[in-house]
Amino acid sequence: MVIRILETIGNFVLRQLTDLGTVVLLYIDTMKQLRHKPRMKHIVAQMSHLGVDSLTIVSLTLLFTGVVFTLQTAHELIRFGAQSTVGGLIAIAIGRELGPVLVGVVCAGRVGAAITAEISTMKVTEQIDALRVMAVSPVDYLIVPRMLACMAVVPLLTVFGDLIGVLGGYIVAVYYSGISSYLFMNSIDLFAEIKDLTGGMIKAVFFGNVIAVLGCYYGLNCPEGAEGVGKATTKTVVSSIIVIFILNAVLTFFIW
């Protein structure tokens, strides 16, 4: 019984290490392909497909995050006479953590799933094999444009989400909690720094990189059949979210 349990654990660890090694090799291959001239037409098309279509869900997520965060904090700060810090607190929290992490999670669910579904469908229908027959590298043709597009789009979505989140906090603080608009904006000016925004954008670049590479990896290695497409999509979302949270903790140590 004990041996069977140890065997199961060992097989699980070996599978995870094998997957990790394959992802690293794919990532190295992708970095090598960056030496070639980028396919700007494909990159712009992916930016439109992956970024513009995500504006609505990002807006709703960050707007209500800012609303709820302000509802939870403004009342307590007013109780202790610290209403002059509300705006700065909201801007710093959203700029450093809530903005990039929530945008990363949203993009993992929407963008990562879309990338995996698209590429895994191409694999199932043998379009990727057709690319190889025509001497076209699937990494250069499929992965590089998506990775560069995600690395550009996710930081832009993060800045947009930060503004929407602070707007949601402003609405609650001014029109519900009774804090003056001048006090709210002056608090942001006093306490928030440009590093709070740029640090979040740096995180978002890494998050976009992870989402694209993992989405392409699971798409290229999906099992055969329609069921395999669903499993690959689920793995992409789960893995991307886990890696985003780990990366967020690591990057926070280095940036701040």
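## Working through an all-helix chain

Lys203 has a relative accessibility of 0%, so this lysine counts as buried. Keep that in mind for the first exercise, and remember that the model is predicted.

**Exercise 1.** Find out which residue forms a salt bridge with Lys203, and where the two partners lie.

*Solution.* Start with the contact: Lys203 pairs with Glu97, and their closest N and O atoms are 2.6 Å apart. The cut-off for a salt bridge is 4 Å, so the pair qualifies. Next, place the partners. Lys203 belongs to helix H8 (residues 194–220) and Glu97 to helix H4, so the bridge ties together parts 106 residues apart in sequence. Last, check the cover on the other side: Glu97 is at 26% relative accessibility, which makes the residue partly exposed.

**Exercise 2.** Take the salt bridges Asp53–Arg110 and Arg79–Glu76, and work out what each one links.

*Solution.* The whole count is 6 salt bridges, and these are two of them. For Asp53 and Arg110, the N to O distance is 3.8 Å. Asp53 sits in the loop between helix H2 (40–50) and helix H3 (55–79), while Arg110 is in helix H4, 57 residues away, so to speak a link between distant parts of the chain. Both ends are partly exposed: Asp53 at 44% and Arg110 at 26%.

Now the other pair. Arg79 and Glu76 meet at 2.8 Å, N to O. They are 3 residues apart in helix H3, which means about one helical turn between them. Here Arg79 is exposed at 54%, whereas Glu76 is partly exposed at 34%.

**Exercise 3.** Classify the aromatic pairs, and say how many there are.

*Solution.* A search of the whole structure turns up 2. In one, the ring centres of Tyr170 and Phe184 are 5.4 Å apart and the planes meet at 80°, so the pair is edge-to-face. Tyr170 is in helix H6 (residues 138–175) and Phe184 in helix H7 (residues 181–191), so this pair ties together parts 14 residues apart in sequence. Phe184 is buried, at 1% relative accessible area. The other pair, Tyr217 with Tyr218, is edge-to-face too, with 5.0 Å centre to centre and 70° between the planes. Both of these tyrosines are buried.

**Exercise 4.** Where are the kinks in H4 and H6?

*Solution.* In helix H4 (residues 86–124), look at Ile94, the centre of a kink of about 55°. Just after H4, Glu126 has a positive phi of about 65°. In H6, the kink is about 30° at Val144, shortly before the proline Pro145. Now check the span of H6: its 38 residues reach 53 Å from first C-alpha to last, close to the expected 56 Å.

**Exercise 5.** Describe the nonpolar surface patch, then zoom out to the whole chain.

*Solution.* The patch includes Met1, Phe12, Leu25 and Ile28, and its residues together offer about 1200 Å² of accessible area. Try one member: Leu25 is in helix H1 (residues 2–33) and is exposed at 59%. Zooming out, the chain has 9 helices and 0 strands. Its C-alpha trace spans about 65 × 55 × 35 Å along the principal axes, and 41% of the 256 residues are buried.

Note on methods:
Residues numbered from 1 in each chain as written. Predicted model: local features only at pLDDT ≥ 70, side-chain atom pairs only at ≥ 80, totals over all residues. Heavy atoms only, no water. Patch = residues over 30% accessible without salt bridge, like charges linked within 9 Å, V, L, I, M, F, W, Y side chains within 5 Å. Areas by Shrake-Rupley, 256 points an atom, 1.4 Å probe, with all protein chains shown as cover. Salt bridge = Lys/Arg side-chain N within 4 Å of Asp/Glu carboxyl O. Helix = DSSP H or I, 4+ residues; strand = E, 2+ residues; numbered from the N terminus. Buried < 20%, exposed > 50% of the residue type's maximum accessible area, 1.4 Å probe, protein only. Phe/Tyr/Trp six-rings, centres within 6.5 Å; stacked < 30°, edge-to-face > 60°. Expected span 1.5 Å × (residues − 1). Bend = angle between axes of the 7 residues up to and from the residue.
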